[in-house]
Amino acid sequence: MNGSENQGEPGLRLLAIAFGTPFLPALARHLVARHGTGPALARVRVILPSERARRALVEAFLDLVDGRAMLLPRIIAIAQVDEEETLARLLEDGEAPLPPAVPPLARRIALARLLLSDAGGAAAADRLARDLARAVDLLAAHGVAAAQLTELDLAGLASHRARRLAMLEVFVRHWPGVLAERGLMDPIARREALLAGLATRWAERPPDGPVVAAGFATAPPAVARLLAVIARLPQGELILPGLDPDLPEDAWEVIRNAPTHPLFGLSRLLAEMGARPADAEQLGPPAPARAQALLAAFRPAPTRPPLQTPPPGLTASTFPGPETEALAIALAMRQALETPGKTAALVTRSRTLARRVAAALNRWGVRIDDSAGEPLSLRPPGVFLLALLDAAVTRFRPVALLAALKHPLAGATSPEARARWLGFVRRLDLALRGPAPAPGLAGIATRAGEAASWWRTEVAPALAPLEALLSGPVPGFDRLVAALAETAFALAGDRLWSGPDGRALSAFVEALTSVQDSLPVAAEEAPALLRALLDDVPVRPPWRQHPRLAILGPLEARLVHADLLILGDMNEGSWPAPPAPDPWLAPAARRALGLPPAEARIGLEAHDLVAATAAPELFLTRARRNDGGPTVPSRFLLRLEAAFGPLPGHEVAALAGCLDGEGRTLFLARPAPSPPPAERPRRIRVTEVDMLAADPFSFYARHMLGLAELDPLEQPVDAAVKGIAVHRILERLVKERPQDLSALIGEELVRLGGDPALLALWRPRVARMVEWVAGELAQATADGRTPVEVEAKLAIEWQGVRITGKADRIDRLGDGNLAIIDYKTGPKPKAGAFAAGRLRQLPLLRLLVEAGGLPALAGGRVGLLEYWKLSGGNTPGEVIGRSWTLERDRFKQELGELFGRYLFGEAPFVPKLNPVFAKQYRSFDQLARIEEWL
């Protein structure tokens, strides 16, 4: 540092650490050089913009003395506006205490309640309240009073913008009074009042000991006024992060009107302080060549230098997708660990990319955390609460209910209890397969099966208060969350509140249930509202899991140094983030009120990018596509490419593609398992013979691998389910011959869940089907035809194979022969397929009957095979097949050949042997890798 006095304003102590120099290590060196490492250093107050910068400065001091014990200065993060201790350490004594700040959650709920009627719902009101709180904070930070809003000309604004601005004026005017009645203040208004009082006090009575403010690239007016006072204190210093001393004054004039420039925030800060860039004294070495080149790339067009070569240490790589990008970043960070003492950090706004990188590093046993935190909505306790709420809101539909009961926290009071719990959950899962039961806990109880006792004694009592609350009048959101927490605790025990996640959830529930305003919320809106609130609760690890690697958000990364700095997801919308839409303050209104434009955030992120040149290695990454589709390169990346041409790629880009075989196509053969004949099954059902002929692999998967497809949960009442219901109705029709067909139909359809739409739309068709069958039965009786068996189970041993099946109905004809009837509610069978031997069910049933498969009909001969096609439409039913030829010998020959190939021979069980007729067999297509070879 140059020790001479500043040549600008007398008494102004304004310093700047150049871009390209690690800021906090340079600050630590400066303070130690000026004050030593003894008691004099402990008397220094250091004011920084963020808590992360405060922790990083402590680490910089420790690195400076190789970890030896030392007295640290009093380091204060001014961003901690809700910390009483922080401001008390600044004020120390004497000032009249201000009312406490309203808790952010309480303010959000209170504002949402006020906006409820205008928004039309609790979830929409919460979104408006969040934006309103942001707008109120912005106005408070910049000292905008309600009178200024009243004086705005609304003629040029759209009607909805003008209405919102008028509402904002009312809030700004009356909201402080609402809080004053409760003995509270808005957090930002309170901070501004405290900082204004501190600035006045220090200006009148300078504090004992040095005061150093450092690291502010921009600041709201109250903070800027305090910084101006600190810079003019007898023992004060203001140290700015990155300033371009070579810029001429006319360039600064352009920058002050260019919100997206890296130095826009600093130029505005200096203007609010009443200082000029020329007043700043250079602290430490000037900016190195790379920093100068990057800063020059962002200069206004008239002063931008011509195309240059890319500066050393700067690399950029583009990847096909986010998975490859994450793997390349992980490789670069893993490579950094090969150099002793080298540090690396990923800076990204995408928490999805951060999680992917952490997962990729875990493959090498490198554990790393995301210091930006993770939303509580994605942490186990938050997910459990949301799952319970989803289950309650859907009135405990099976899918939502089982998602909650299977959550890792449910029943996890001990490993033994968890194992027992999962056993019952699996039984309940199996019992609930198929169409959904009636809604509510009572509906689940009717279908609980083997888990009925467990459900009745352990689960239903815990869920009952939640059901009762949502069944009554619209509850307040605080009551709903309290009931959710009680239910979650009843199911999970103390594990719900353990660890950082549990502590965050406990604080959230306590804060929400202690608010004075109750926000009524309809059941269907509750999940969205709870998720939105949990999204804004970050859960951060209590300590870093890796001493040399870090994943940071842009805010946490500000002023932090690493040997390898990776800026990930360099796409438009991420770097930079688009200005947040503001429904309350239109751009024209912001300009009229003198507020910083929304684009100023882009300039601050550009400042962060240039400040990143302090890292010896800077690696920029992006993916051409993300989960939402194609991406657009960041304007920052395009600006660098315009200044330097194509940037060199990093060596890990090629390695990432090779590591997981990207770009290689593997052609795998069609599966053809061929077990020895002795191990092949000797049992087959009638309905599986067509499967064996058309799709042998499905038969293999079912019988050799022992796989079976479960019915889905909440199975839609599709054609298959309807067909089963019709079969049950017709079975009872033949056996019971009821007089009231309507009652019979109603009893069976209620078993499908009692869906009103189903009963209204499909029941008339079922009634027509049943009436048609009843008429056919009456006519058959008149013709001397009598049903003798319904849903008859048949079984025989035939050529060494046990064949089993079931006939929908068997009639005895007038001539003594038998007729086999199969009800069809699906597609109409085609006579050509039957004649070609494709539809084997009825001929197989004939074979079973004539071979003695049903003792009661032993010796009987089948003279008729019929399909009864039931539709319930204009033609409610139709008999098909009475004229079909019955070729017994040919059928037996083909059946014996089929069994000989697959059950006794060595023919491989290939999938989709006959693709046309195998379309209906889809259960095992994924196992057969159909998409890979067909």
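**The whole chain, as a guide to the close-up views.** Helices and strands are here DSSP runs, with at least four residues of type H or I for a helix and at least two of type E for a strand, and they are numbered from the N terminus. Counted in this way, the chain has 38 helices and 21 strands, and the reader should keep in mind throughout that the model is predicted. Taken along the principal axes, the C-alpha atoms fill a box of roughly 125 × 60 × 60 Å. The radius of gyration of the chain is 38 Å, whereas a compact globule of 934 residues would have a value near 30 Å. Of the 934 residues, 51% count as buried, and the chain exposes about 41,800 Å², of which carbon and sulfur atoms supply 54%. Among contacts with a separation of 6 or more, 76% are between residues 24 or more positions apart. The chain carries 108 positive and 105 negative charges, and the mean positions of these two sets are 4 Å apart.

**Close-up of the ring pair F171 and W584.** A pair of aromatic rings is described by the distance of the centres and the angle of the planes. With a limit of 6.5 Å between ring centres, the count for this model comes to 10 aromatic pairs. In the pair shown here, F171 and W584 are 6.3 Å apart from centre to centre, with 90° between the planes, an edge-to-face arrangement. The two partners come from distant parts of the chain, 413 residues apart: F171 belongs to helix 8 (residues 159-181), while W584 sits in the loop between strand 12 (564-567) and helix 25 (587-592). F171 counts as buried because its relative accessible area of 13% is under 20%, and W584 is buried too, at 1% relative accessibility.

**Close-up of the ring pair W772 and W868.** The ring centres of W772 and W868 lie 5.4 Å apart and their planes stand at 75°, so this pair is also edge-to-face. The pair again links distant parts of the chain, since W772 is in helix 34 (residues 763-782) and W868 is in strand 20 (residues 862-870), 96 residues apart. Both W772 and W868 are buried. Elsewhere in the model, ring pairs join F697, F699, Y700, Y902 and F909 into a cluster.

**Close-up of helix 12 and what covers it.** Helix 12 runs over residues 264-273 and is mostly covered, with 7 of its 10 residues buried. These buried residues are F264, G265, L266, S267, L269, L270 and M273. The elements that cover them include two strands, strand 1 (14-17) and strand 5 (236-241), together with helix 10 (221-231), helix 11 (249-255) and helix 26 (600-611). Just after helix 12 comes G274, which takes a positive phi of about 75°.

**Close-up of F61 and the residues around it.** F61 lies in helix 3 (residues 51-64). A residue is buried when its relative accessible area is under 20%, so F61, with a value of 0%, belongs to the buried group. If its neighbours within four places in sequence are left aside, F61 is in contact with A28, L31, V32, L41, M70, L72, P73 and I75. For a sense of distance, F61 and L240 are 179 residues apart in sequence, and their C-alpha atoms are 19 Å apart in space.

**Close-ups of three places with unusual backbone geometry.** Most residues other than glycine have a negative phi, and most peptide bonds are trans. At the place where W575 joins P576, however, the peptide bond is cis, with omega about 0°, and P576 is found in the loop between strand 12 and helix 25. R395 is not a glycine and yet has a positive phi of about 60°; R395 is located in the loop between helix 16 (380-393) and helix 17 (398-405). The relative accessible area of R395 is 47%, so R395 counts as partly exposed. K912, likewise a residue other than glycine, has a positive phi near 55°, and K912 is found in the loop between helix 37 (888-902) and helix 38 (930-933). K912 counts as buried because its relative accessibility is 6%.

Conventions. Residues numbered from 1 in each chain as written. Predicted model: local features only at pLDDT ≥ 70, side-chain atom pairs only at ≥ 80, totals over all residues. Heavy atoms only, no water. Rg over C-alpha atoms; globule rule 2.2 N^0.38 Å. Buried < 20%, exposed > 50% of the residue type's maximum accessible area, 1.4 Å probe, protein only. Contact = heavy atoms within 4.5 Å. Areas by Shrake-Rupley, 256 points an atom, 1.4 Å probe, with all protein chains shown as cover. Lys, Arg positive; Asp, Glu negative; His and termini not counted. Charge placed at Lys NZ, Arg CZ, Asp CG, Glu CD. Phe/Tyr/Trp six-rings, centres within 6.5 Å; stacked < 30°, edge-to-face > 60°.
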